Amino acid sequence: LQAAGHRSPAAIRRAVAEAGSLARELLLQLSPAFEQHIAALSYHRDVNAHNILVEADVHNSRKPLYGLVDFGLAVDVQCWHGDSSEELTSERMSRIGPDGASTWKYLDVGGDCRYWPVSAWVQFLLGCTELEQSPVLRSEYRTRLDMHSLGLTALQVLVETMPVMSESQGSWHGDAMEGEAIKELCAVCVAWERYWNMVSPLHSRLM
């Protein structure tokens, strides 16, 4: 977060708009890739801020270009969804665990736990038998890991590039709608900080 300091209301509005634009572009550029291309072949399983490259041209004010890297934990979709680790791994390239596992049920839970959904924590702590008791969580873990992590990354971009604000700044010029928007953004920043402070020690333990 960048301190708002003594910036004018107009300058802070521009900074907030820029933060929103950065997060929006991230989703607009990478979401279709996951939905239409990557997900048809593989799941990345390690989407986070460290694995997304940014190309920015600040001099020409062009929109940033985002690119996903590091497919070291990626799995082949057909192997991931399969029931047997031996059926497809001999024919298709996919990540295989130390015990030969390649399906969602038994392959290690991968990636940065700070970007995991609830289903990944259930799989990590309780295993696939417990996860299968909830069709919603099972579906999330099997098919939506990357999209969840991308959403959290976009939220992180939004929060960490916004200026630090207080709810009182929403009273500029008596604009009630703007005031409500700033209150909501402040609440999002507080919630993100609380979440990040809670999950970061867990990440340190698992590293």
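## Close-up views of a predicted model

**View 1. K63 and E25 meet in a salt bridge, with their closest N and O atoms 3.5 Å apart.** Welcome to the first stop in this predicted model. The K63–E25 pair joins distant parts of the chain, 38 residues apart: K63 sits in the loop between β3 (52-55) and β4 (65-68), while E25 belongs to helix α1 (residues 9-41). K63 counts as exposed, at 55% relative accessibility, whereas E25 is buried, with a relative accessible area of 7%. E25 also forms a salt bridge with R24, where the closest N and O atoms are 4.0 Å apart. R24 is exposed, its relative accessible area being 51%. Taken together, R24, E25 and K63 are linked in a network of salt bridges.

**View 2. D112 and R114 pair through their side chains in a salt bridge.** Here the N to O distance is 2.7 Å. Are these two residues buried or exposed? Both D112 and R114 are buried. Across the structure as a whole, there are seven salt bridges. As a reminder of the general idea, side chains of opposite charge can pair when their charged atoms come close.

**View 3. Helices α4 (residues 118-126) and α6 (residues 135-143) cross at roughly 95 degrees.** Their axes come within 8 Å. With an angle in the range of 65 to 115 degrees, α4 and α6 are therefore roughly perpendicular to each other. Which residues make the contact? From α4 come V118, S119, A120, V122 and Q123, and from α6 come L137, E140 and Y141. Sorted by character, the residues of this contact are five nonpolar, two polar and one charged. Looking at α4 by itself, its buried residues are S119, A120, W121, V122 and Q123. Just after α4 comes G127, which has a positive phi near 95 degrees.

**View 4. T153 lies in helix α7 (residues 145-161) and is buried.** The relative accessibility of T153 is 2%. What does T153 touch, once its neighbours within four places in sequence are left aside? The contacts of T153 are L26, V47, N48, A49, I52 and Y115. Keep an eye on Y115 from that list, as the next view picks it up.

**View 5. Y115 and W196 form an edge-to-face aromatic pair.** Y115 and W196 belong to a set of eight aromatic pairs counted in the model. The ring centres of Y115 and W196 are 5.8 Å apart and their planes stand at 75 degrees, so the pair is edge-to-face. Y115 lies in the loop between α3 (85-88) and α4, and W196 lies in helix α8 (residues 176-206), so the pair ties together parts that are 81 residues apart in sequence. Y115 and W196 are both buried.

**View 6. W192 and Y195 make a tilted aromatic pair within helix α8.** Their rings are 5.7 Å apart from centre to centre, with 45 degrees between the planes. The two residues are three places apart, about one turn of the helix. An α-helix has 3.6 residues a turn, so residues three or four places apart point the same way. W192 counts as buried at 5% relative accessibility, while Y195 is partly exposed, with a relative accessible area of 22%. Stepping back, Y115, W192, Y195 and W196 form one aromatic cluster.

**View 7. R45 and D70 are two non-glycine residues with a positive phi.** For context, most residues other than glycine have a negative phi. R45 has a phi of about 70 degrees and lies in the loop between β2 (42-43) and β3. At 6% relative accessibility, R45 counts as buried. D70 has a phi of about 65 degrees and is found in the loop between β4 and β5 (75-76). D70 is partly exposed, with a relative accessible area of 43%.

Note on methods
Residues are numbered from 1 along each chain as its sequence is written. This is a predicted model: local features need pLDDT of at least 70, side-chain atom pairs count only at pLDDT 80 or more; totals for chains, interfaces and linings use all residues. Side-chain values use heavy atoms; hydrogens and water are left out. Axes are lines fitted to C-alpha atoms, for helices over the stretch in contact, and angles run from 0 to 180 degrees between N-to-C directions. Helices (H or I, at least four residues) and strands (E, at least two) are DSSP runs, numbered from the N terminus. Angles under 35 degrees count as roughly parallel, over 145 as roughly antiparallel, 65 to 115 as roughly perpendicular and the rest as oblique. Contact means heavy atoms within 4.5 Å. Ala, Val, Leu, Ile, Met, Phe, Trp, Tyr, Cys and Pro count as nonpolar, Asp, Glu, Lys and Arg as charged, and the others, Gly among them, as polar. Buried means under 20% relative accessible area, exposed over 50%, partly exposed in between (1.4 Å probe, protein chains only). Rings of Phe, Tyr and Trp (its six-membered ring) pair if their centres lie within 6.5 Å; planes under 30 degrees apart count as stacked, over 60 as edge-to-face and the rest as tilted.
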